[in-house]
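Could you walk me through this model in my viewer, one selection after another? I would like to know what to click on next and what I will find there.

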Amino acid sequence: MSILNLHKEVFSKIKYPFSLPELLYSYDALEPYIDAKTMQIHHQKHHGGYVNGINEVFSRYEQLQKYALWEVLQNLDEIAEKFDIPAEDVEKIVNMGGGHLNHTFFWYIMGPNKEVDKELEGLIKELFGSMEEFKAVFSEIATKHFGSGWAFFVINQDGDYELYSLLNQDNPYLLGDKPIIGLDVWEHAYYLKYQNRRAEYIRNWWNVLKVL
Ligand code: MN3
C-alpha cells in the first residue's frame with residue numbers, strides 16, 4: 001500500500017479503546033541513527049502515556065467512542081460544543097489524541113530497511129523537482145521549529161500538498177489536513193543520543209525513514 005493511503009489504512013482504524021501499537025521492528029533496529037534506549041522510552045513511556053491519557057478522556061464521554069480519533073480532532077470545536085466538553089478536556093484530546101496519532105504514524109513510516117514508496121517518491125519529484133530538494137525544505141522546517149513539535153508533509157482539503165511544523169502534539173487533522181510524513185522534533189525523540197544537535201538527528205533520520 002502507498003503511504004498516500006495512510007488515512008484509510010492506518011488512521012481510520014484508530015478508535016476507542018486505544019492501544020499502544022506494537023513496533024514492526026525491535027528497539028535497536030534503527031541503530032545507529034536512533035538508539036535503542038530512546039526508542040524504548042519513546043514508545044513505552046511517551047507514546048504509552050498518550051494512549052493512557054486519551055483512553056481516560058474517552059472513557060468519560062461515551063458519545064465520543066463511536067468516532068475514529070481523526071474525526072474527533074478534525075471536528076473538535078463542533079464535537080466539543082455538541083457534547084458539552086469543557087476546555088480542559090478539549091486540550092487533553094488535542095494533546096493526548098494528537099500524541100497517539102502522531103506516534104502511531106511515526107513508527108509506521110520508519111524501519112531498518114528501505115521500502116521506498118514509489119507513488120510517494122514520484123509525487124515528491126513532481127512537486128519539488130528532486131528528492132534532495134524535498135529533504136532540504138523539510139529538514140529546514142524541522143530544524144528551525146522552535147521548541148517541541150513536529151514537521152509534517154500533508155495533503156490539505158483542496159488536494160494541495162503542504163509542508164509545515166506544528167507545536168506540541170498538534171496533528172494536521174486539527175487543520176483539516178491529512179498527514180503523509182511526520183518527524184518528531186521533541187527533545188525526547190533525540191536528546192539521549194544527540195543532546196542539543198537536532199540538525200544532526202534530522203540528517204540521520206532520513207536513513208530510517210523507510211518509505212523514502
Ligand atoms: Mn515523541
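Start by selecting Ala151 and looking across to β3, where the bridge partner of Ala151 is Leu183. Keep in mind throughout that this is a predicted model. The pair you have just selected is part of a longer match: β1 and β3 run antiparallel to each other and are joined over six bridges.

**The sheet**

Now show β1, β2 and β3 together. They make up an open sheet of three strands in the order β2-β1-β3, and the pairing is antiparallel. The edges are β2 (161-167) and β3, each of which pairs on one side only. Turn the view and follow the twist, which averages 25° from one strand to the next. As background, strands of a sheet pair through backbone hydrogen bonds, in either a parallel or an antiparallel way.

Next, go to the other side of β1. Strand β1 (residues 149-155) is joined to β2 by seven bridges, again antiparallel. Two selections help you read the register: Phe153 stands opposite Leu163 in β2, and Trp150 stands opposite Leu166 in β2.

What lies between β1 and β2? Follow the chain out of β1 and you pass through five residues before β2 begins, the two strands forming a hairpin. Stop at Gly159 in this turn, which has a positive phi of about 85°.

Before moving on, switch on a surface and check β1: is it mostly covered or mostly open? It is mostly covered, with six of its seven residues buried.

**The metal site**

Select the manganese ion. Which residues coordinate the manganese ion? They are His42, His103 and His188, each through NE2, along with Asp184 through OD, at 1.9 to 2.1 Å. Along the chain, these donors follow the spacing H-x60-H-x80-D-x3-H. Two of them tie distant parts of the chain together: His103 sits in helix α5 (residues 87-109) and Asp184 in strand β3 (residues 178-184), 81 residues apart.

Are these two donors buried or exposed? His103 has a relative accessibility of 0%, so it counts as buried. Asp184 is likewise buried, because its relative accessible area is 0%.

**Two asparagines**

Stay with helix α5 and select Asn95, which is found there. Asn95 counts as partly exposed because its relative accessibility is 26%. Leaving aside residues up to four places away in sequence, Asn95 touches Tyr50 and Gln169. For a sense of scale, draw a distance from Asn95 to Tyr201: the C-alpha atoms are 24 Å apart in space, and the two residues are 106 apart in sequence.

Then jump to Asn55, in helix α2 (residues 36-59). Asn55 is buried, since its relative accessible area is 18% and the cut-off for buried is under 20%. Setting aside residues up to four places away in sequence, the contacts of Asn55 are Tyr16, Pro17 and Phe18.

**Salt bridges**

For the last stretch, show the charged side chains. Side chains of opposite charge can pair when their charged atoms come close. How many salt bridges are there in the model? The count comes to eight, and here are three to visit.

- Select Lys118 and Glu121, whose side chains meet in a salt bridge at 3.6 Å, N to O. They are three residues apart in helix α6 (residues 118-128), so about one helical turn separates them. Lys118 counts as exposed because its relative accessibility is 62%, whereas Glu121, at 19%, counts as buried.
- Select Arg60 and Glu56, which form a salt bridge at 2.7 Å, N to O. Arg60 is partly exposed, with a relative accessible area of 40%, and Glu56 is partly exposed too, at 35%.
- Select Glu200 and Arg197, whose side chains meet in a salt bridge at 2.7 Å, N to O. Glu200 counts as partly exposed at 27% relative accessibility, and Arg197 counts as partly exposed at 35%.

To finish, select Glu56, Arg60, Asp89 and Lys92 together: salt bridges that share partners join these residues into one network.

Technical notes: Residues numbered from 1 in each chain as written. Predicted model: local features only at pLDDT ≥ 70, side-chain atom pairs only at ≥ 80, totals over all residues. Heavy atoms only, no water. Donors = N, O, S within 2.8 Å, 3.2 Å for Na, K, Ca; no water. Helix = DSSP H or I, 4+ residues; strand = E, 2+ residues; numbered from the N terminus. Buried < 20%, exposed > 50% of the residue type's maximum accessible area, 1.4 Å probe, protein only. Contact = heavy atoms within 4.5 Å. Salt bridge = Lys/Arg side-chain N within 4 Å of Asp/Glu carboxyl O. Pairing = 2+ DSSP bridges. Axes fitted to C-alpha atoms, helices over the stretch in contact; angles between N-to-C directions.
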